[in-house]
Every structure is written in structure tokens, then in C-alpha cells.
Amino acid sequence: MIFADKLIQLRKKSGWSQEELAEQLNVSRQSVSKWEGAQSFPDIEKIVKMSQLFGVSTDYLLKEDEEEPSFAEIDEAPKVRRVTMEEASEFLTIKENTSKQIAFASFLCIVSPVCLLLLGGYHAYTGAIKDYTAGGIGMTVLLILVAAAVAIFISVGGKTRRFEYLETELFETEYGVSGMVKKRRDQFADKHTRYNIVGTVLEIFSIIPLFAGVFVFGENELMMTVMLCCLFPIAGVGVVFFILGGVKWSSYEKLLQEGEYSVKNKKSKAFHGAYWAIITAVYLAVSFTTTGWGWTWFIWVIAGALYPALLAMLRPHQSK
């Protein structure tokens with residue numbers, strides 16, 4: 001039996017379509033079709049991958065005189081985790097629910113300096129409150145909000161920890177999972193675009209109160225501080241929209257192993273986590289040491305702009 005016939009037999013026995021097998025091998029459906037039509041032959045990397053997927057030896061796939069599957073080498077091959085329909089549905093539900101919690105926690109972090117800035121401005125303009133009182137109350141509120149946000153982040157991490165392998169490990173999905181995820185992603189695509197548009201518009205508009213304050217109130221420090229504080233909730237709502245759309249969209253890409261979570265890009269996930277942990281540490285360090293909460297938020301804008309470029313530099317060139 002030639003390789004093409006063996007491939008057809010093994011694929012049908014596993015209950016996969018050509019498209020689903022192509023997804024598992026990270027190739028196009030046309031490539032699988034050509035292999036099954038004996039028009040081309042896969043490279044050795046794909047042969048090894050197929051031996052793992054189907055649970056047969058590479059000798060069985062490569063040698064025409066091997067009529068029966070041999071399992072002699074199967075113990076040496078790494079086992080690939082399989083994601084069931086129930087697991088995929090549960091993961092999507094958890095990510096949709098936790099996206100709201102992450103968005104709320106991020107909003108708390110962004111607006112946490114508002115009380116400190118308002119009391120500081122009130123003290124500087126009126127002198128009706130002592131500077132240490134203003135600073136003490138403001139810092140207390142800031143720390144409470146940040147602590148609440150951290151608690152939410154930790155809680156979310158606990159809920160999603162068992163699905164971390166979707167970001168770092170190779171896995172397979174059972175029959176029907178890819179189709180279900182793609183359908184839900186297509187249904188969400190328009191809303192995802194709207195979320196990004198609204199988030200972008202709000203981030204741009206968030207600076208308007210500050211400029212308006214300059215023209216309307218001139219050198220009135222208290223009103224300028226109030227206008228500055230208006231920036232934070234507007235920008236925070238914009239971030240909420242980015243997170244609500246981004247977390248849900250990334251959950252689809254994780255299950256489909258596409259985009260940032262494709263097989264070839266999974267090594268970049270360690271960089272992803274380390275990068276944003278460093279940015280968070282820099283933001284807090286600069287903000288606390290300079291007390292420049294009115295401008296240090298721009299660190300996140302710079303970090304977001306640099307991230308794609310740095311990620312592209314770390315990735316090897318990929319060819320289809």
C-alpha cells in the first residue's frame with residue numbers, strides 16, 4: 001500500500017476531514033489533498049508529526065511493504081494533548097466571563113491616582129487641607145484600588161491556570177472543535193472590530209479635557225487638575241473595550257492555534273509574559289518615585305507601540 005492510500009485510511013479512521021488534518025499539521029488543505037492524490041510527498045518533519053497524530057510508526061508511513069501499522073516507536077514519541085468539545089466550550093465561557101473581571105481590574109488601576117491628584121490639587125489651590133492629609137488619603141485610596149485589582153488578577157489566574165497549556169504546548173482538537181470555534185469567532189468578528197474602534201476613539205478623546213482646561217481655565221490649577229483627572233476614566237473605559245474584545249478574540253486564536261498562538265509563535269509567549277511584567281514594574285516604579293501620575297500612563301502607550309516590533313524581531317522568518 002502506498003503512502004497516499006495509508007494517509008487516506010488513517011485520516012478517515014481518525015474521523016478528520018482534509019481541512020482538519022491540515023490544521024493539525026499546520027499546512028494548507030491543498031497540501032493534504034496532493035499527498036492523498038500521490039501528487040506530492042510531505043517532508044520528514046510532517047511524516048514524524050503524522051506518526052504521532054495517528055499513533056503509527058514512521059516506517060509504516062514510509063515503506064510500501066509495511067502493510068500493517070507498527071507501534072514499536074510510539075512510546076518514544078511525545079504525547080500530544082487532545083482538547084475535547086466540552087473543554088473548548090468551558091474554556092471559551094471562562095475567558096468570556098473573566099474578560100469582564102480583567103477589564104474592571106485594569107480600570108481600577110488606571111483611575112487609582114485620581115483621588116491623590118484631586119486632593120493634591122485642592123491642597124495646592126486652597127490650602128484648606130494639609131499636604132500630608134491629602135497625600136495620606138490619596139495614597140490610601142490608590143493602594144486600596146490597586147490591591148483590589150491585584151486580587152482580581154490573581155483570582156482570574158486561578159480560574160484559567162489549567163488552560164495555560166493552550167499558550168505554550170502543542171495540542172490537538174477533537175473532531176468538530178475547530179468548526180465550532182471558527183463559527184463563534186466569525187460571529188464575534190464585527191463586535192471585535194467595534195470594540196477596537198470605540199477603544200481607539202476613547203483613547204484619543206481622553207486627552208481633550210486636558211486641552212479644553214488649558215483654553216477655558218488658563219492657570220487655574222484646581223480646574224486643570226480636575227480636567228487632568230477626567231482623562232483617566234475616559235482612557236480607562238477605552239482600555240475596557242480593548243480588553244473585552246481582545247481577551248475573547250485571543251481565546252479563539254488559542255484554540256485554533258492561529259495568529260499570536262500559532263505553533264511557530266508559541267515560543268514567544270514567555271517573552272509576552274516577561275515583557276508586560278517588566279512594563280508594569282517600570283510604570284509603578286516611575287510613578288511612585290516621581291509622583292507623576294498625570295503623565296506616567298503614557299508608558300503603556302509606548303510599550304504597546306514597541307511590543308509588535310520587538311516580537312517581530314524575536315520571531316524567525318516564517319514561510320508558508
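Axes here are lines fitted to C-alpha atoms over the stretch in contact, and angles run from 0 to 180 degrees between N-to-C directions. With that settled, on to the helix pairs of this predicted model.

Start with α7 and α12. Helix α7 covers residues 114–126 and helix α12 covers residues 221–256; the two pack at an angle of about 175°, their axes 8 Å apart. Angles over 145 degrees count as roughly antiparallel, so α7 and α12 run roughly antiparallel to each other. On the α7 side the contact draws on V114, L117, L118, G121, Y122, A124 and Y125, and on the α12 side these meet E221, L222, T225, V226, L228, C229 and F232. Sorted by class, the residues of this contact come out as 11 nonpolar, 2 polar and 1 charged.

Next comes helix α6, residues 85–111, which takes part in two of the packings described here. One partner is helix α8, residues 131–160: the axes of α6 and α8 come within 8 Å and cross at roughly 160°. That angle makes α6 roughly antiparallel to α8, and the crossing of the two is left-handed. From α6, the residues involved are I94, K95, T98, Q101, I102, F104, A105, S106, L108, C109 and V111. Across from them in α8 sit L145, A148, A149, I152, F153, V156, K159 and T160. The class count for the contact of α6 with α8 is 13 nonpolar, 4 polar and 2 charged residues.

The other partner is α10 (177–205). Here the axes of α6 and α10 come within 10 Å and cross at roughly 25°. Since angles under 35 degrees count as roughly parallel, α6 ends up roughly parallel to α10. This crossing is right-handed. M85, A88, S89 and L92 make the contact from α6, while V177, M180, V181 and R184 make it from α10. The residues of the contact of α6 with α10 split into 6 nonpolar, 1 polar and 1 charged.

V177 of α10 turns up again in the next feature, as part of a cavity lining. The structure holds 1 cavity of 30 Å³ or more, and the volume of the largest cavity is about 40 Å³. Its lining consists of W16, E20, E23, Q24, T173, E174, V177 and S178. Two helices, α2 (18–25) and α10, each supply at least two residues of that lining. The largest share comes from α2, with 3 residues. By class, the lining of the largest cavity has 2 nonpolar, 3 polar and 3 charged residues.

Put side by side, V177 belongs both to the contact of α6 with α10 and to the lining of the largest cavity. As for the class counts, the contact of α7 with α12 has 1 charged residue, and the cavity lining has 3.

Note on methods:
Residues are numbered from 1 along each chain as its sequence is written. This is a predicted model: local features need pLDDT of at least 70, side-chain atom pairs count only at pLDDT 80 or more; totals for chains, interfaces and linings use all residues. Side-chain values use heavy atoms; hydrogens and water are left out. Helices (H or I, at least four residues) and strands (E, at least two) are DSSP runs, numbered from the N terminus. Angles under 35 degrees count as roughly parallel, over 145 as roughly antiparallel, 65 to 115 as roughly perpendicular and the rest as oblique. Contact means heavy atoms within 4.5 Å. Ala, Val, Leu, Ile, Met, Phe, Trp, Tyr, Cys and Pro count as nonpolar, Asp, Glu, Lys and Arg as charged, and the others, Gly among them, as polar. On a 1 Å grid over the protein atoms alone, a cavity is a set of points where a 1.4 Å probe fits but cannot get out, and a pocket is an open set with protein on both sides within 12 Å along at least five of seven lines; lining residues have an atom within 4 Å of a point. Grid points are joined across faces, edges and corners, and a volume is the space filled by probe spheres set on the points. A crossing is left-handed if the near helix is turned anticlockwise from the far one by less than a right angle, and right-handed if clockwise.
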